[in-house]
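The following report describes selected features of the structure shown below, arranged by topic.

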Amino acid sequence: MERFAFVIHPLDVRDVARKFPFTRFLPAALVEQAIKLLPPLKVAHITGIRSPYAEAEGWFVSCPLTARQIMSLPVAYVTEKIVRAGQLAEELGAKILGLGAFTKVVGDAGVSIARRLRIPVTTGNSYTVATAVEGTREAARLMGHDLATATVVVVGATGAIGRVCAELLAREARDLTLVGRDEGKLELVADRILYRTGRAVKITTDIVQALREADVVITVTSAVDTVIEPEYLKPGAVVCDVARPRDVSRRVAVERPDVLVIEGGVVAVPGDVDFHLDFGFPPKTAYACMAETMILALERRYESFTLGRELSTEKVEEIAALAKKHGFKLAGFRSFERALDAAAIEKIKAAARRK
């Protein structure tokens, strides 16, 4: 039996109330101060993961800090809390640790954490990119767009994830625009894509103009605030928001029923998996970053597969192939923390046609 663990944390104090219901009656600031005093916790035992080649079990372990605390408290303090969660995973018998949500963006994106643990660490970003591109392609198809002929935009294209997404999309999108704040860095990414794929792409620092022409968008900036507002998007547009904090304003969900926003793919996990935790997904499905940790365990690849802020298309393609081997597959979409079914997508498509 292969074993892994995955670090989770409350996104805000409302998530704390799932574990400690009485906290919903307390001021948010008081709850945040209280959870800082908590040690890491074993939240749930994950059972039933089974591929044609191996079986695995795992644990969710908590880093008791909200997203706001992780992003605002000193890096050394937050890193120490994550390391303690990793040490709990070691005690439970895990052979690899996955970093979830905001724990993967602290400091050097997992490198320092891996150095302080006896087990390898992965951020899951390689499989996140693989499913983001696959999910974008499928969502575009459902909305009537062919990537080969659509106007495709990558926002945040000079970052590690954005660059790899752009390079993968350039293999099939003939009209591809890279958006970023630094024109010099955009030129370097465009040159790399031309060298590696033979595709010439456009670059711009004008996000509003780029989005107004876009049929399909992948956005993955490091902005603290949202960068995509409802008035920027054309009817029928598909937006895959890979960024955390999110790039797409919640106003889009309210004001643009004719636009499809997804958070990347929902991944079906092979076997009769039971997470023993409700994190808002349909049964037997998970985030891609969670799935990467499971895939590496099933493959017995106990190594720090994805760490730091540099990604490669080779790693993305490798983890995608391993996922397919073990029976992981795209199983749907999420939008603003809610599952999207076929009826919901058809409703968006109909609204776009009316506009």
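## Strand β7 and its surroundings

Strand β7, spanning residues 175–179 of this predicted model, is mostly covered, with four of its five residues buried. Strand β6 (residues 151–155) runs parallel to β7, and five bridges join the two. Within this pairing, Val-152 has Leu-176 of β7 as its bridge partner.

Val-179 also has a neighbour that is distant in sequence: Thr-205 is 26 residues away along the chain, yet the C-alpha to C-alpha separation is 5.6 Å. Thr-205 belongs to the loop between β8 (202–204) and α9 (207–212). Its relative accessible area is 45%, and Thr-205 is therefore partly exposed, since that class lies between the limits of 20% and 50%.

## The six-stranded sheet

An open sheet is formed by six strands in the order β5-β4-β1-β3-β2-β13, with mixed pairing. The edges are occupied by β5 (121–122) and β13 (271–274); each has a single partner strand, so one side of each is left without a neighbour in the sheet. In general, strands of a sheet pair through backbone hydrogen bonds, in either a parallel or an antiparallel manner.

One of the pairings in this sheet links strand β1 (residues 2–8) with strand β4 (residues 97–99). These two strands run parallel and are joined by three bridges. Val-7 stands opposite Leu-99 of β4.

## Positive phi angles between β13 and β14

Most residues other than glycine have a negative phi. Which residues in the loop between β13 and β14 have a positive phi although they are not glycine? Two examples are His-276, with a phi of about 50°, and Lys-284, with a phi of about 65°.

Both His-276 and Lys-284 are placed in the loop that connects β13 to β14 (285–286). His-276 counts as partly exposed because its relative accessibility is 48%. Lys-284 is likewise partly exposed, with a relative accessible area of 38%.

## A negatively charged surface patch

On the surface, a patch of negative charge brings together Asp-182, Glu-183, Glu-187 and Asp-191. Among them, Glu-183 lies in helix α8, which comprises residues 183–197.

Is Glu-183 buried, partly exposed or exposed? At 48% relative accessibility, Glu-183 counts as partly exposed, because a residue must be over 50% to be classed as exposed.

Definitions and conventions: Residues numbered from 1 in each chain as written. Predicted model: local features only at pLDDT ≥ 70, side-chain atom pairs only at ≥ 80, totals over all residues. Heavy atoms only, no water. Patch = residues over 30% accessible without salt bridge, like charges linked within 9 Å, V, L, I, M, F, W, Y side chains within 5 Å. Areas by Shrake-Rupley, 256 points an atom, 1.4 Å probe, with all protein chains shown as cover. Salt bridge = Lys/Arg side-chain N within 4 Å of Asp/Glu carboxyl O. Lys, Arg positive; Asp, Glu negative; His and termini not counted. Charge placed at Lys NZ, Arg CZ, Asp CG, Glu CD. Buried < 20%, exposed > 50% of the residue type's maximum accessible area, 1.4 Å probe, protein only. Pairing = 2+ DSSP bridges.
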